[in-house]
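This report describes selected helix and strand arrangements in a single structure. Please consult the sequence and coordinates alongside the text.

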Amino acid sequence: MLRGSGAHISRSSNQLADWSRGAATPGRPPAVEVEALARRFGRRWALRGVDLRVEPGEAVAVLGRNGSGKTTLLRVVATLLRPTRGRVRVAGRDVVREAAAVRERVGLMGHAPGVYDDLTAAENLRFALRMMGRAVDEQRIAAALEAVGLGREADERVRGFSAGMRRRLVLARLRLQQPEILLLDEPYASFDAEGVELLNAFVRETVERGGAALVVTHDLARGEGVLERAFVLDGGRIVQEVQVTGRPGAVREVVP
């Protein structure tokens, strides 16, 4: 079911098939390609034969109720979980056989921010650069923190940061990384209106330079103008594929 006010949502079978494939970019593999993906935890199947594709230059949403398989899907794409069945490729690399190459190309914003409380904001970014195998560049660190509104908090310990400030620090880390493909799990959670704009601007920059984004969210409205297509998961299966167009504020919610 779709609820909105004035958005254009087309659902013809031919169009749905085209959207699920995405518009291929000549000479480049899909940013994310998922084929017949299944993932089981014990006796419970979290994913049951998922197929989707995200092309370079696209920002695509994954929607669905709690427990529908959204986070499991993203974690498989990010190489944090192995598929039980099926195949997943990121920029042409297999997430199982070429996991290290995949990790070099993706930037993840997960449910947990993954920052260190006892380090300052700047120290967190220095550590992140070292973990990426990159030189520590103080000017770039300062610029990344300034870009997300944390310039004055650079030398403050993260322990005292709010949830929204921690999210901004993760965004600063992604800005330093400049990944080819963004994997974002409920990225709008804890962000105020300014934080949402900062995040959307970075997603837009990534897409405009030929990258891509796969965004798990309950809040499609906050990604309007950035997120172009949406897959809806329910019970571990894709039950709906939609292309969302229209003026800002038109679409409020897409649910299975």
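In this predicted model, helix H4 meets helix H6 through Ala-121, Asn-124, Leu-125, Ala-128 and Leu-129 on the H4 side and Leu-169, Ala-172, Arg-173 and Leu-176 on the H6 side. By residue class, this contact comprises seven nonpolar residues, one polar residue and one charged residue. H4 spans residues 121-131 and H6 spans residues 163-177; their axes come within 10 Å and cross at roughly 35°. The crossing of H4 past H6 is right-handed.

A further part of the description concerns strand pairing. Strand S5, residues 59-64, has six of its six residues buried and is therefore largely enclosed by the rest of the structure. The burial extends to both faces of S5: Ala-59, Ala-61 and Leu-63 lie on one side, with Val-60, Val-62 and Gly-64 on the other. Strand S10 is likewise mostly covered, with five of its five residues buried. On S10, Ala-212, Leu-214 and Val-216 form one buried side, while Ala-213 and Val-215 form the other.

S5 pairs with S10 and also with strand S11, residues 229-234. Strand S9, residues 181-185, is a parallel partner of S10. The pairings, together with that of S6 and S7, are listed below.

| Strand pair | Sense | Bridges |
|---|---|---|
| S5 and S10 (residues 212-216) | parallel | four bridges |
| S5 and S11 (residues 229-234) | parallel | five bridges |
| S9 (residues 181-185) and S10 | parallel | five bridges |
| S6 (residues 85-90) and S7 | antiparallel | two bridges |

Individual residues show how these strands are aligned. Val-62 of S5 stands opposite Val-216 in S10 and opposite Phe-231 in S11. Ala-213 in S10 faces Ala-59 and is also the bridge partner of Leu-182. The connection from S9 to S10 includes helix H7, residues 193-208, and the three elements make a right-handed β-α-β unit.

A separate description applies to the antiparallel strands. Four strands form an open sheet in the order S4-S3-S6-S7, with antiparallel pairing. Its edges are S4, residues 44-54, and S7, residues 93-94, each of which pairs on one side only. Between S6 and S7, Arg-89 stands opposite Asp-94. Helix H2, residues 70-77, lies across S3, S4 and S6, and runs at about 120° to S3, which covers residues 32-41.

How values were computed. Residues numbered from 1 in each chain as written. Predicted model: local features only at pLDDT ≥ 70, side-chain atom pairs only at ≥ 80, totals over all residues. Heavy atoms only, no water. Axes fitted to C-alpha atoms, helices over the stretch in contact; angles between N-to-C directions. Left-handed = near helix turned anticlockwise from the far one by under 90°. Contact = heavy atoms within 4.5 Å. Nonpolar A, V, L, I, M, F, W, Y, C, P; charged D, E, K, R; others polar. Pairing = 2+ DSSP bridges. Buried < 20%, exposed > 50% of the residue type's maximum accessible area, 1.4 Å probe, protein only. Right-handed = clockwise from strand over helix to strand, strands pointing away.
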